[in-house]
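Visitor: I should like a close look at a single part of this molecule, namely a place where two helices meet. Please explain it step by step, and then relate it to some other parts of the chain.

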Amino acid sequence: MKVLKMYSKVIKKQLYLILMYIFIFTVFLVLFSLSSSNTLPDFEEKKINIAIINHDESSELINGLENFLGAKTNFVTLQDDKFKIEEALLLRLVDCVIEIPNGFEKDYLSGTNPQINKIEAPDTINQVYTDNLIEQYLNSWNIYYKTTSLPNDEISSKVKEDLLKSTKVELLNESSFENNFDTMRYFFNFASYSILSIFISVIGLITILVNQENIKYRILSSPLKLKSFNLQIYLGHVLFSILVVILFILIEFIMFTNEFLTINSFLIILNLAINIFVATSISFLVGTAIKNRHSLPFISTTITLGLCFISGGFVDQSLLSDSILTIASFNPVYWYVKANNLIMSTNYFTADNLQPIISAMIIQLFFMIAIISVSLVISKYKSVKN
């Protein structure tokens, strides 16, 4: 297994690159997880400052309205003086001054619909809130008054009791679960860049090395058969691919423990494994097509950034234009990202919603076969030429 020993030496030499890509990938994942894990703040109703000036006689209707507004707002005592009112509004001591006109209760009970005057502080939007509170109380009071024979004091009591009832609302944990799925989606989409970079750096380099003329002459003159040599190279590719799959599974298990045993997790790992074998074929093609190992980093950067950017590895596919997505559909990374998006946006899997996911995976396999075929043709051409 001398070939596998050579394979391991290349991996050790490229280990710093592998660790760098994994580090960048992990940092990106952690930062994104922290930014997307913010929970919604609890809702708290804000109380505004109001003052009530009553020009009518004290009555159950008006007293009840004052009690209800007192429970929903902050009462401020204010003199019935125009200058004092304007000063309080200007200094923001009050947000709204409510003036109840003379004869209001009599007119209201007779059905003439009298208006309550409201003076707002400049540049505020509290009038709608105040109008809603007054309208809620008066409408409820009117319903009790017309449909029951209760005395006015009891009507005011029941209206206040009804309107001050509160309902406890709890957000289910499903939202945080969906947030984790969204983070997983970005996690695996961005993984396309790291995987392709790692594989071109390792498998591409190994392919370039074994295709050098002096290496081939040594193989031909050695007891090791060419078939056995190629078999060990391919075995090294497969073992390296499996190790990378296991590595990403471990990262997923650490970062998404609660979601690890879901169907979504299984499908996205399967999609990742297919993408890794596609990345192996692309790396083999790159290593077969070029001779100079020193040009590999430049070619690797160009290929990985180009394929991943237009395919949704960095920017979500929903933000890309139709023309870009049409062009991107001619590379396998697009179908890998599309399958991830479909997997992580599905809660319940059926035959209908599994079909496009499986189709995207199969298309990636067709790309892999086509890329390997092109690589073999190039390799055969170079062998005959030499």
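Guide: In this predicted model, the contact is formed by Leu307, Cys308 and Ser311 of helix H12, which meet Val333, Tyr334 and Val337 of helix H14. Sorted by character, the residues of this contact comprise five nonpolar, one polar and no charged. A general point helps in reading such a list: an α-helix has 3.6 residues a turn, so residues three or four places apart point the same way.

Consider next how the two helices are placed. H12 covers residues 296–311 and H14 covers residues 332–344. Their axes come within 8 Å and cross at roughly 40 degrees. Angles from 35 up to 65 degrees are classed as oblique, and H12 and H14 are therefore oblique to each other. The crossing in which H12 passes H14 is right-handed.

Helix H11, residues 263–289, allows a check on length. Its 27 residues, at 1.5 Å a residue, should span 39 Å, and this agrees with the 39 Å between its end C-alpha atoms. Of these 27 residues, 21 are buried, and H11 is thus described as mostly covered.

The loops deserve attention as well. Leu164 lies in the loop between helix H7 (152–163) and helix H8 (174–210). With a relative accessibility of 35%, Leu164 counts as partly exposed. Leu164 touches Phe68, Ala71 and Lys72, if residues up to four places away in sequence are not counted. For one of these, Ala71, the C-alpha atom is separated from that of Leu164 by 8.1 Å, although the two residues are 93 residues apart along the chain.

Two further loop residues concern the backbone angle phi. Most residues other than glycine have a negative phi. Arg92, however, has a phi near 60 degrees, a positive value in a residue other than glycine. Arg92 is placed in the loop between helix H4 (82–90) and strand S3 (96–100). Its relative accessible area is 40%, so Arg92 is partly exposed.

Asn113 likewise has a positive phi, near 55 degrees, and is a residue other than glycine. The loop that holds Asn113 runs between helix H5 (104–109) and strand S4 (117–120). Here the relative accessible area is 51%; exposed means over 50%, and Asn113 is therefore exposed.

Key: Residues are numbered from 1 along each chain as its sequence is written. This is a predicted model: local features need pLDDT of at least 70, side-chain atom pairs count only at pLDDT 80 or more; totals for chains, interfaces and linings use all residues. Side-chain values use heavy atoms; hydrogens and water are left out. Axes are lines fitted to C-alpha atoms, for helices over the stretch in contact, and angles run from 0 to 180 degrees between N-to-C directions. Helices (H or I, at least four residues) and strands (E, at least two) are DSSP runs, numbered from the N terminus. Angles under 35 degrees count as roughly parallel, over 145 as roughly antiparallel, 65 to 115 as roughly perpendicular and the rest as oblique. A crossing is left-handed if the near helix is turned anticlockwise from the far one by less than a right angle, and right-handed if clockwise. Contact means heavy atoms within 4.5 Å. Ala, Val, Leu, Ile, Met, Phe, Trp, Tyr, Cys and Pro count as nonpolar, Asp, Glu, Lys and Arg as charged, and the others, Gly among them, as polar. The expected span of a helix is 1.5 Å times one less than its number of residues. Buried means under 20% relative accessible area, exposed over 50%, partly exposed in between (1.4 Å probe, protein chains only).
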